[in-house]
Amino acid sequence: MNPNRRWIALGFFCFGILLWVLVSRFTSTLMGWVGVEGYDIALLGKQFTLTTLFGLLVALFATMYAYRHPTVATLSNEVMVELKKVTWPNSKETRSATLVVIITVFIMAFFLGMFDFFWSSVMDYLYPSIQSG
C-alpha cells in the first residue's frame with residue numbers, strides 16, 4: 001500500500017475541480033463567441049448549465065484517466081517522495097530572504113529608472129517633439 005496515496009488523491013481531486021471550472025468557463029465563452037449561447041440551457045438552476053455539465057464530464061474523464069495511468073501514478077509518487085525530502089526554511093530564514101529580495105528589487109528599479117531617464121533624455125534630444133501653441 002502506498003503511504004502517499006491520500007495526498008496524491010487530494011492533488012488529483014484539486015486538479016479535477018480546477019479543470020472543471022476552466023473547461024466549463026472556456027466552453028461558455030466559446031459558445032458566446034460563436035453566438036450559440038442560447039443553447040446553454042439551465043439543468044439544475046441557473047448555475048448548473050449544459051456547459052457546466054460538459055466541463056464536469058471532461059474533468060472527471062481526464063482526472064480518472066490521469067489517476068489510473070501508470071506513468072502519471074509513478075510520477076506522482078516520485079514527486080511526493082521528493083517533497084518529503086525538502087527542508088523548509090524557518091521564519092528567520094524566510095524573513096531574511098524576503099528582505100534581500102525586496103532590497104534587490106528596489107536597487108534594480110532604481111537602476112532601470114535611471115537607465116530609462118537617460119535614454120528618454122537622449123531620444124528627446126535626437127527627436128524633439130513639435131510643441132503646438
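This section describes the overall fold, the surface and one residue, Thr-63, of a predicted model.

The chain holds 4 helices and 0 strands. Read from the N terminus, its elements follow the order α-α-α-α. The radius of gyration is 26 Å, whereas the globule rule gives 14 Å for 133 residues; the chain is therefore more spread out than a compact globule. Along the principal axes, the C-alpha atoms occupy a box of roughly 70 × 50 × 30 Å.

Contacts and burial were considered next. Of the contacts between residues at least 6 apart in sequence, 63% link residues at least 24 apart. Buried residues account for 14% of the 133 residues.

The surface exposed by the chain comes to about 11300 Å². Carbon and sulfur atoms contribute 72% of that area. The charged side chains comprise 9 positive and 7 negative ones. The centre of the positive set lies 19 Å from the centre of the negative set.

Thr-63 offers a local view. This residue belongs to helix H2, which spans residues 50–68. Its relative accessible area is 11%, so Thr-63 is buried, the cut-off for burial being under 20%. With neighbours within four places in sequence set aside, Thr-63 touches three residues by contact: Phe-12, Phe-15 and Gly-16. Thr-63 of helix H2 is thus described by both its burial and its contacts.

Conventions: Residues are numbered from 1 along each chain as its sequence is written. This is a predicted model: local features need pLDDT of at least 70, side-chain atom pairs count only at pLDDT 80 or more; totals for chains, interfaces and linings use all residues. Side-chain values use heavy atoms; hydrogens and water are left out. Helices (H or I, at least four residues) and strands (E, at least two) are DSSP runs, numbered from the N terminus. The radius of gyration is taken over C-alpha atoms; the globule rule is 2.2 Å times the number of residues to the power 0.38. Buried means under 20% relative accessible area, exposed over 50%, partly exposed in between (1.4 Å probe, protein chains only). Contact means heavy atoms within 4.5 Å. Accessible areas come from the Shrake-Rupley method with a 1.4 Å probe; for residues, only the protein chains shown count as cover. Lys and Arg count as positive and Asp and Glu as negative; His and the chain ends are not counted. The place of a charge is taken as NZ of Lys, CZ of Arg, CG of Asp or CD of Glu.
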